[in-house]
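Me: I've got a model open and a handful of labels I'd like to see justified. Can you take me through them one at a time?

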Amino acid sequence: MPSLTDYDPCQLRSELVAGGHNPTHAARILREYYRQNGRLDLVSIPVTRELRQHLQIHLLSRRSKILLKSAAMDGTLKLLVGFDDGAAVESVLMPSFRAGIAAGCVSSQVGCPMGCDFCASTRRGLERNLDPGEIVEQFLHLKEHADAMGRKLQTLVFMGMGEPLLNFEAVVTAIRRIADPNLGGLGWRQVTVSTVGIVPEIDRLAAENLNIHLALSLHAPDDATRSRLVPANRRYPVSEIMAAARRFETTTGRTPNIEYCIIRDVNDSPEQAEMLAGLMKDFRAHVNIIPCNPIGAGVSGTVYSAPLRERILEFLDILRSRGVVAHIRETRGDDINAACGQLREMANDNYVPLGS
Ligand code: SF4
């Protein structure tokens, strides 16, 4: 059964007409539904008894449940969100160091087909794509939990399970609902899509002109290292994804961020820092250095770990000395297996249902 997250105002108007109801209520119903984080109190809307019954019977229920919650010492909250068919994905809420706000992270696919060697989300491959409503429901769960913490959900990244650009239409549709001031109300500039670099889809996203951010998960400046970590690199090598990132900037006026998961003895050498600085020449993108969050053995059986702090600082110093804008992004939720895909792995099929 669908929920109201499956509709935009135009689609809901058609649904109401098909049910013999007055369609003029559609926009207000959806506005209230989002305002109440997907728990519509019908008393707040003056609709007919018949329409109220129609909504209760056909549209009001959420299609997802929170199966597991895991809270870290630093306040990071990880949710395992389950759907009717048994699929489950992860969503994460990260309270900011600034009072009153929080950042959210949602998944776009159940599992992931990309096979990145350091990532737990891909261990079971791709199970299926999420539909737009399932992505929007993650946003509403996060918004509800942020409200309960007394914080405003300020930003949302598509950096959870899955490669968002391989589920392009659903992700773009979900973003349109989440950012719409009359629906999710988050704002376009508050949304970031993260990709390992599917070049044609980066160009396609730029052409959508959504005014959102793009994050490019680079993780290595040379093809040999990157192909080992991110198999997609064999199809779209470093030179091609960097060219796509520059085209995205030219087309949209928005400079992508470069994400660099730094891994001990793999991509943390001074030579690789120099190579990365070379790639950033005349490109004002911000480089986020993210210490590797260990997941145990990766897809190839390799166990990855973060370099020592001094090594990371040396890497950062080289970038900055070459004029690159770079920061270390501290990992969050280390004590709750916060790396993407770990909660689902941990839960396996033995989670304790909490209800949503
Ligand atoms: S890092 Fe992202 S793209 Fe790569 S396997 Fe994990 S979820 Fe998929």
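Reply: Sure. Let's start with a cut-off: buried means under 20% relative accessible area, and exposed means over 50%. Keep in mind that this is a predicted model.

Me: Why does asparagine 167 count as buried?

Reply: Its relative accessibility is 6%. The limit for buried is under 20%, so asparagine 167 counts as buried. Asparagine 167 sits in the loop between β7 (152-158) and α5. Setting aside neighbours within four places in sequence, asparagine 167 touches Ser108, Gln109, Asn129, Leu130 and Ile135.

Me: What makes threonine 24 exposed?

Reply: Threonine 24 has a relative accessible area of 61%, and the bar for exposed is over 50%, so the label holds. You'll find threonine 24 in the loop between α1 (9-18) and α2 (26-35).

Me: Which side chain does threonine 24 pair with, and why is that called a polar contact?

Reply: The partner is the side chain of asparagine 22, at 2.8 Å. A polar contact needs a pair of N or O atoms within 3.5 Å, one able to donate a hydrogen and the other to accept it. At 2.8 Å, the pair is therefore within the cut-off.

Me: How do you know that the length of α4 fits a helix?

Reply: Count it out: the helix has 17 residues (132-148), and at 1.5 Å a residue they should span 24 Å. The expected span uses one less than the number of residues. The end C-alpha atoms are 25 Å apart, so the two values agree.

Me: What else is there around α4, say at its ends?

Reply: At the N-terminal end, aspartate 131 acts as a cap, with a side-chain oxygen 3.1 Å from the backbone nitrogen of glycine 133. After the helix comes glycine 150, with a positive phi near 75 degrees. As for cover, 15 of the 17 residues of α4 are buried.

Me: What makes the phi of aspartate 265 and of aspartate 282 worth flagging?

Reply: Most residues other than glycine have a negative phi. Aspartate 265 isn't a glycine, yet its phi is positive at about 60 degrees. Aspartate 282 has a positive phi too, near 60 degrees. Aspartate 265 lies in the loop between β10 (257-262) and α9 (270-279), while aspartate 282 is in the loop between α9 and β11 (287-291).

Me: Are those two buried or exposed, and why?

Reply: Aspartate 265 has a relative accessible area of 65%, so it is exposed. Aspartate 282, at 70%, counts as exposed as well. The cut-off for both is over 50%.

Me: Which residues have the most contacts inside the largest nonpolar core?

Reply: Leu205 and Val287, in a core of 102 residues. Helix α5 (residues 168-179) gives the most to this core, with 7 residues. Beyond four places in sequence, the contacts of valine 287 include Ile258, Leu276, Met280 and Val325.

Me: How does the shell around the ligand divide into nonpolar, polar and charged?

Reply: It has 5 nonpolar residues, 4 polar and no charged. Among the residues surrounding the ligand are Cys112, Met114, Ser121, Gly160 and Val196. Cys and Met count as nonpolar, and Gly goes with the polar group.

Me: Last one: where is aspartate 6, and which side chain does it make a polar contact with?

Reply: Aspartate 6 is in the segment before α1, and its side chain makes a polar contact of 2.7 Å with the side chain of arginine 63. Its contacts beyond four places in sequence also include Asp131 and Gly133.

Definitions and conventions: Residues are numbered from 1 along each chain as its sequence is written. This is a predicted model: local features need pLDDT of at least 70, side-chain atom pairs count only at pLDDT 80 or more; totals for chains, interfaces and linings use all residues. Side-chain values use heavy atoms; hydrogens and water are left out. A residue is near a molecule or strand if one of its heavy atoms lies within 4 Å of it. Helices (H or I, at least four residues) and strands (E, at least two) are DSSP runs, numbered from the N terminus. Buried means under 20% relative accessible area, exposed over 50%, partly exposed in between (1.4 Å probe, protein chains only). A nonpolar core is a set of buried Ala, Val, Leu, Ile, Met, Phe, Trp, Tyr and Cys residues joined through side-chain atoms within 4.5 Å. Contact means heavy atoms within 4.5 Å.
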